[in-house]
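Work through the exercises below with the structure open beside you. Try each task before reading the solution that follows it.

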Amino acid sequence: MNLSIGDNEYAFLIGPTGSGKTTLLRLIYMDLMPQVGNVVVDQYDSKKIKPRKIPYLRRKIGMVFQNYHLLNDRNLFENIALPLHVIGYTRDEIADRVIESLEEVGLEGKSEHYPEELSGGEQQRACVARALVKDPDIILADEPTGNLDPVTSFELIKLLEEINREGTAILMASHNYNLIKGRGHRIVEIQNGSLRQS
Amino acid sequence: MDKMMFLLSEGVKNLWRHKLTAFTAIFSSFLTLVVAGSLLVVSQNTNKVIEYLRDKYKIEVFFKDGVAEERIVELVKEFKNINGVRSTTLITKLDAERIFKSQFGENILDLVGYNPLPASCVVNVARRQASKLNVNPIINRIKSYPEVDEVSYQGRLISRIESYYQKFVQGMTTILILVLVISVFIISNTVRLTIYAKKDLIQALQLIGATKSFVKAPFIIEGVFHGLFGALFASAFIIGGLEFGSGIIYSVTRLRVQYDPFILIGILSSTGVLISYLGSSRAISRFLK
């Protein structure tokens, strides 16, 4: 299986449940290591990378999950600021970047809200803001529309397209072909352990 | 700097977010430190008793008749340099005659016509010694001088006191180590509860690129605060207890309990911080493995 995602590319990864979409994404952010072959992200090669370097690879990748992974004990501002604290930004830089990210995903004015106070669509946009805030090279979205209604799902895809237009590569996994077809992006299908690209 | 502040504030916030776990961890370090602090005060005061008893140990050395006084003075100086000897006092034949007169009210020269009392020396042993004091090497060394006629000392009493003291020190040390080790495990298991409660945060941190030390830091800081609070409560408890009980102890035993509150707080705080640090870093390291 060979897959290459270029800079600024928007690609969909589709396949039925259990086909290995999430596994493929986990291989990219090196939560799993390949038993054969290798994964290369920027200068990081899974064959050569030391475990202590994996966090630095992940700082170049933004991740969006189906079940959001937002922390319920902190508000939106704190959730989105977390990756910046990890990287070591100053307090002022963090404030500027978080506000900018919230504006970009249309959640301005909600920074004090807690995840439980937001709708599913808003929570997912907050996840996008959290992925986006550190200015990643690529965003990996694992079934981000899985818990959203069709309209909100459509809005999320449009949002990711806007982000992509500004220079961030996107790889979005989904099992909903109807949602992604005809959008002019590359579609990679995973089935029975092999990839088919269109 | 901002990163450090963030980690510190996360550690402090964790205390507030997990009140029950914090209470349990603080309470276990409090109990441990009360035991450790009490043992410390007891051992400090036992030391005072043993120092008092050692002060009473006396080795009397009698010199042979006919040894020149200058040589005796020399020997007494040499005795003072023996390891474990605190001080020496020379008692010349003339001093012995005076002591006899003051004790019995009669002049020995009038009784027997000459002074049969030998020159002697009182050897006082060192008071401050952490472990068992062995007087035998001192005795053997003194006996090795040909000018020495006889050495008199309370051998059985000294060795019995020293042997009890040694057993006491060993027992205290064992109990202390045991208590500290147990508390590290208790704190470690308590902190594990916090870690499980925060596994979403840990997972999120790992996914966004946090290093292991960044993930660990707030939990360790939280643990250190547990230890510090436990130590402060334990210090207050022990000092309060001593203030309250010292009058009663004095009225019964005529012994004043001696301790330095600042040293006690310092030792308990550093011990509390150390055991909490070990406990929490053990817990988080095992979780991240």
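The exercises concern a predicted model, and each solution goes step by step.

**Exercise 1.** Find out which strands of chain B pair with strand β1 of chain B, and in which sense they run.

*Solution.* Begin with β3(B), residues 120-125, which pairs with β1(B) in the antiparallel sense over five bridges. Within this pairing, B:I59 has B:V123 as its bridge partner. Turn next to β4(B), residues 148-152, which also runs antiparallel to β1(B) and is joined to it by four bridges. Here B:F63 stands opposite B:V148. Finally, look at the two faces of β1(B), residues 58-63: B:I59, B:V61 and B:F63 make up the covered face, whereas B:K58, B:E60 and B:F62 make up the uncovered one.

**Exercise 2.** Decide whether A:Y68 is buried or partly exposed, and do the same for A:E143, buried or partly exposed.

*Solution.* First locate the residues: A:Y68 is in the loop between β4 (61-65) and α3 (76-87) of chain A, while A:E143 is in the loop between β5 (138-142) and α6 (150-165) of chain A. Then consider the backbone. Most residues other than glycine have a negative phi. A:Y68, although not a glycine, has a positive phi of about 65°, and A:E143, also a residue other than glycine, has a positive phi near 50°. The last step is to count neighbours, with 20 or more other C-beta atoms within 10 Å needed for a buried residue. A:Y68 has 19 C-beta neighbours inside 10 Å and therefore counts as partly exposed, whereas A:E143 has 21 and so counts as buried.

**Exercise 3.** Describe the surroundings of B:S29, starting from the helix in which it is placed.

*Solution.* B:S29 belongs to helix α2 of chain B, which covers residues 19-56. The residue is buried, because 32 other C-beta atoms lie within 10 Å. Leaving aside residues up to four places away in sequence, its contacts include B:S183, B:I187, B:H226 and B:G272. A further step compares sequence and space: B:S29 and B:I186 are 157 residues apart along the chain, and their C-alpha atoms are separated by 8.7 Å.

**Exercise 4.** Work out how many residues each chain brings to the contact between chain A and chain B.

*Solution.* Chain A brings 15 residues and chain B brings 14 residues. On the side of chain A, the elements that give two or more residues are α2 (54-58) and α3, and the largest share, four residues, comes from α3(A). Sorted by class, this side of chain A has seven nonpolar, four polar and four charged residues.

Technical notes
Residues are numbered from 1 along each chain as its sequence is written. Chains are lettered from A and ligands numbered from 1 in the order in which they are written. This is a predicted model: local features need pLDDT of at least 70, side-chain atom pairs count only at pLDDT 80 or more; totals for chains, interfaces and linings use all residues. A residue is buried if 20 or more other C-beta atoms lie within 10 Å of its own, exposed if 12 or fewer, and partly exposed in between; C-beta atoms are placed from the backbone. Two strands pair if DSSP finds at least two bridges between them. Two residues are in contact if their C-beta atoms, placed from the backbone, lie within 7 Å. Ala, Val, Leu, Ile, Met, Phe, Trp, Tyr, Cys and Pro count as nonpolar, Asp, Glu, Lys and Arg as charged, and the others, Gly among them, as polar.
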